[in-house]
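These notes go through a few places in the model, point by point. Please keep the structure open while reading.

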Amino acid sequence: MATSASSVLGLGSTGVVSVQIASSSSCSSRSAPSEAASLGFATRRRAAACSETTSQLRSEFLPSLSPVKKSIKFAASRKGPFASLNVRAIASDPAQLRSAREDIKTLLREDPCHPILIRLGWHDAGTYDKNIKEWPLRGGANGSIRYDIELSHKANAGLINALKLLESTKQKYPDITYADLFQLASATAIEEAGGPKIPLRYGRKDVSGPDQCVKEGNLPDADPKPTPPADHLRKVFYRMDLNDQDIVALSGAHTLGRVHPERSGFGQKETKYTKNGPGKPGGSSWTPEWLKFDNSYFREIKEKRDADLVVLPTDAVLFEDPEFKKYAEKYATDREAFFNDYAISHAKLSEIGAEFDPPQGFFLDKPEKKDEPEVFVASKYSTQPEAKQELSDNMKDKIRAEYLAIGGSPNKAMGSNYFLNIIIGISVLVLLSYYLGYLG
C-alpha cells in the first residue's frame, strides 16, 4: 500500500492512536514506534518501554496473548428468535462478554480511546475475501491481528496500542475469544461515542497461530494513486461482499479520530480542534467534535469550508461518484437514516468471514421489538366467503376507516358481523321510512 492516513475506517499506514495513555515528556521526541512503546503499558513499565524497540515490544507483549481454549462448556436455555437452543459448546462465555463490555465502557470513560478500538475491530474483520471459502484462509474477524506477522502490516501500524489497552480485559476474562473481544470493543466504542447500538452476534472462533494470518494488502488506502479512489474502495469492499451503501455508511465512522502528517502525510501538525487533546494533542480531525459519533462527517466533507478539517481523496469521492453521492447526500441531512444503515453495515463487516461456535452465534441482548401497524385481514371482520379474498390497499384503508368510525377496534373483530350490521341498519331505516309513510 502506498501513502495512507490514520483513521477508524482503516485507511491508514500508521493508524489513529487518538487517545493514548499519558507518557513522560522524555519520550515525546521519539519516532512513532518508540512513541507507541511508551504509551501502551501500565505506569510501572512506562520508563522501560521508552527504550525498547518495536520488535522487543512485540516479543514481550504478544506471547501473553496466547489463544484461549477452543471452546468451553456452557449450558443455556434462551427464548426468542435469536435463541441458541441446547448450547453445549461455545467459543466465548456470554456472561464474561457482558462483564467485559462494562469494563470497556469504564475504559472509554477514563481514557477516550474510541477511534483506535473501532479501528482494531475493523482491521481484524476487514481482511475477508469472499472468493476464498475455507476458514481461516478467507480472513475476517478471527483474532489474527494479535500476531506480529499481521500486526506489522503497514495499514496496522499503531494498533499495538489498542491491543495493550485490552490486555488486562483479556486476562480478566480468559473464556472469551480475541475475535469476539475486538468486535465487542469496536461496537461498544461506537455506542459510547453517541452512535447506534450495533446488533452483533458473538461466538467467533480464533485462529490458533500466526501461520493462519492473511497476506498483507487487503485493507483500504486513503490515497490509492494511480487507482481512482472510487475504484479502489469498490475493489476492497466488494471483495468483502459489501456494497456501495456499506462503503458510504462505514465511511461515516470518520466522524471519529484524527490523522497525523508525520505518520501519514495528511493533515496538519495541530489544529484548533486537536491542540488540547484529549490524550496526546495534535493531528487533523474530520469533524470539530472528533470523539462524538454523528453525521457531521458528511456535512463537513460536502461543504469543505473549514481549513482545520481534513478531507482525504477517499472522503471527497463520496460526493463525486454518482452512486456514492446519493447515500452521502441522504446521510448529510438524515442522522437517523445514517445511524440505521451504519449499524447494519458495521454488523455485516464484523460477521462476514467469521466462523461461529455455535454455528448461528448468539446475541448478548434481546432484540428490540418495533411496533408495526396491524395488517388488515378482511376475514377477521366477516364470515362471508367473498370477503376472504385479498383486497386492494385502497379498499383495506376504506374499510378500516369505516370500521373505526363506528367504534371498532383494530386489535379485535366486532362482536357480530360488520357487514351484517350494515345490512340490518339499512333494512331498519327502510322499514321505518315505509311505516312512517304508511301512517302519513
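A helix here is a DSSP run of at least four residues, and helices are numbered from the N terminus. The model is a predicted one.

1. Start at helix α9, which covers residues 229-239. Its buried residues are A230, H232, L233, R234, V236, F237 and R239. These residues pack against α10, α13 and α14. Just after α9 comes D241, which takes a positive phi of about 70°.

2. Next, look at D321, in the loop between α13 and α14. Is D321 buried or exposed? Its relative accessible area is 13%, and buried means under 20%, so D321 counts as buried. Leaving aside neighbours within four places in sequence, D321 is in contact with A230 and R234. Both of these appear among the buried residues of α9. With R234 there is also a polar contact between side chains, at 2.7 Å.

3. Helix α14 (residues 322-333) meets α15, and their axes come within 5 Å and cross at roughly 120°. The two helices are therefore oblique to each other. On the α14 side the contact is made by K330, Y331 and T333, and on the α15 side by R335, A337, F338 and D341. By type, the residues of this contact divide into three nonpolar, one polar and three charged.

4. Helix α15 also packs against α10, at an angle of about 105° and with the axes 9 Å apart. That angle makes α10 roughly perpendicular to α15. From α10 the residues involved are Q245, D246, A249 and L250. They meet F338, D341, Y342, S345, H346, K348 and L349 in α15. This contact divides into five nonpolar, three polar and three charged residues. Note that F338 and D341 of α15 also take part in the contact with α14.

5. S350 belongs to the same helix, α15, which runs over residues 335-351. With a relative accessibility of 1%, S350 counts as buried. Which residues does S350 touch, not counting those up to four places away in sequence? They are A125, A141, Q183, L200 and R204. The side chains of S350 and Q183 are joined by a polar contact of 3.1 Å. S350 and G140 are 210 residues apart along the chain, yet their C-alpha atoms are separated by 7.7 Å.

6. One residue touched by S350 is A125, and A125 is among the buried residues of α5. Helix α5 takes in residues 114-125. At 1.5 Å a residue, its twelve residues should span 16 Å, and the end C-alpha atoms are 17 Å apart, which agrees. How many of the twelve residues of α5 are buried? The count is twelve of twelve, so α5 is mostly covered. Among them are H114, R119, W122, H123 and D124. The buried residues of α5 pack against α4, α6, α7, α8, α10 and α15.

7. Last, consider K154, in the loop between α6 and α7. Its relative accessible area is 38%, so K154 is partly exposed. The C-alpha atoms of K154 and E216 are separated by 8.1 Å, and the two residues lie 62 residues apart along the chain.

Key
Residues are numbered from 1 along each chain as its sequence is written. This is a predicted model: local features need pLDDT of at least 70, side-chain atom pairs count only at pLDDT 80 or more; totals for chains, interfaces and linings use all residues. Side-chain values use heavy atoms; hydrogens and water are left out. Buried means under 20% relative accessible area, exposed over 50%, partly exposed in between (1.4 Å probe, protein chains only). Contact means heavy atoms within 4.5 Å. A polar contact is a pair of N or O atoms within 3.5 Å; within protein, one must be able to donate a hydrogen and the other to accept it, and residues adjacent in sequence count only if both atoms are side-chain atoms. The expected span of a helix is 1.5 Å times one less than its number of residues. Axes are lines fitted to C-alpha atoms, for helices over the stretch in contact, and angles run from 0 to 180 degrees between N-to-C directions. Angles under 35 degrees count as roughly parallel, over 145 as roughly antiparallel, 65 to 115 as roughly perpendicular and the rest as oblique. Ala, Val, Leu, Ile, Met, Phe, Trp, Tyr, Cys and Pro count as nonpolar, Asp, Glu, Lys and Arg as charged, and the others, Gly among them, as polar.
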